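I opened this notebook to record what I looked up in the structure, entry by entry. The entries are kept terse.

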Amino acid sequence: MPSPESLNPLSSLCRKYPALEAQVIWAEGSDWQPQEDDEAGLDGEEIAFYAEGMLMEGYSCAWQILGVGAPEFVRLFFWIGEMPHLPDDPDLISQGSTAG
């Protein structure tokens with residue numbers, strides 16, 4: 001199981017940019033499926049806590065930071081087993097993963 005410390009880069013980013021919002025995306029076979037309910041979005045202060053909770057449930061996590069010039073949005077990806085390929089995006093600033 002990945003350690004919560006592996007989320008430190010994400011946590012630091014969220015502290016630096018508290019207005020960030022995130023979308024939760026789940027692995028579905030070899031593809032990704034966004035969570036589609038009214039509560040699917042996360043505020044900046046919730047992002048790292050949500051990701052840490054999912055690590056404790058046995059999921060791995062990857063993230064993509066999107067924006068033009070500065071971080072504007074986070075995609076949080078969760079999976080168990082093998083990680084599907086992350087999507088490409090022209091607004092990708094950085095990405096990280098607990099998968100080592």
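The entries below begin with a strand and its partners, then turn to a charged pair, a surface patch and a contact between distant residues.

**Entry 1, the model.** I note at the outset that this is a predicted model, and I read every value below as computed from it.

**Entry 2, strand E5.** I looked up how far strand E5, residues 73–79, is covered, and found that 6 of its 7 residues are buried. I then asked which strands pair with E5, and in which sense. Strand E1, residues 21–28, pairs with E5 in the parallel sense over 6 bridges, while strand E4, residues 60–66, runs antiparallel to E5 and is joined to it by 7 bridges. For the register I wrote down one position on each side: glutamine 23 stands opposite arginine 75 in E5, and leucine 66 stands opposite phenylalanine 73 in E5.

**Entry 3, the hairpin.** I followed the chain from E4 into E5 and found that the two strands form a hairpin with 6 residues between them. In the turn I checked glycine 69, which has a positive phi of about 90 degrees.

**Entry 4, the salt bridge.** How many salt bridges does a search of the whole structure find? The search returns 1. I located a salt bridge between the side chains of aspartate 89 and arginine 75, at 2.6 Å from N to O. The pair links distant parts of the chain, since aspartate 89 lies in the loop between E5 and strand E6 (92–97) and arginine 75 in strand E5, 14 residues apart. I also asked whether each partner is buried or partly exposed. Arginine 75 counts as buried because its relative accessibility is 14%, under the 20% cut-off; aspartate 89, at a relative accessible area of 22%, is partly exposed.

**Entry 5, a negative patch.** I looked for charge at the surface and recorded a negative patch formed by Glu21, Asp43, Glu45 and Glu46. Of these I followed up glutamate 46, whose place is in helix H2, residues 44–56. Glutamate 46 has a relative accessible area of 35%, so I list it as partly exposed, and that value is also over the 30% that a patch residue needs.

**Entry 6, strand E6.** My last look was at glutamine 95, which has its place in strand E6 and is partly exposed, with a relative accessible area of 45%. The C-alpha atoms of glutamine 95 and leucine 10 are separated by 9.1 Å, although the two residues are 85 residues apart along the chain.

Definitions and conventions: Residues numbered from 1 in each chain as written. Predicted model: local features only at pLDDT ≥ 70, side-chain atom pairs only at ≥ 80, totals over all residues. Heavy atoms only, no water. Patch = residues over 30% accessible without salt bridge, like charges linked within 9 Å, V, L, I, M, F, W, Y side chains within 5 Å. Areas by Shrake-Rupley, 256 points an atom, 1.4 Å probe, with all protein chains shown as cover. Lys, Arg positive; Asp, Glu negative; His and termini not counted. Charge placed at Lys NZ, Arg CZ, Asp CG, Glu CD. Helix = DSSP H or I, 4+ residues; strand = E, 2+ residues; numbered from the N terminus. Buried < 20%, exposed > 50% of the residue type's maximum accessible area, 1.4 Å probe, protein only. Pairing = 2+ DSSP bridges.
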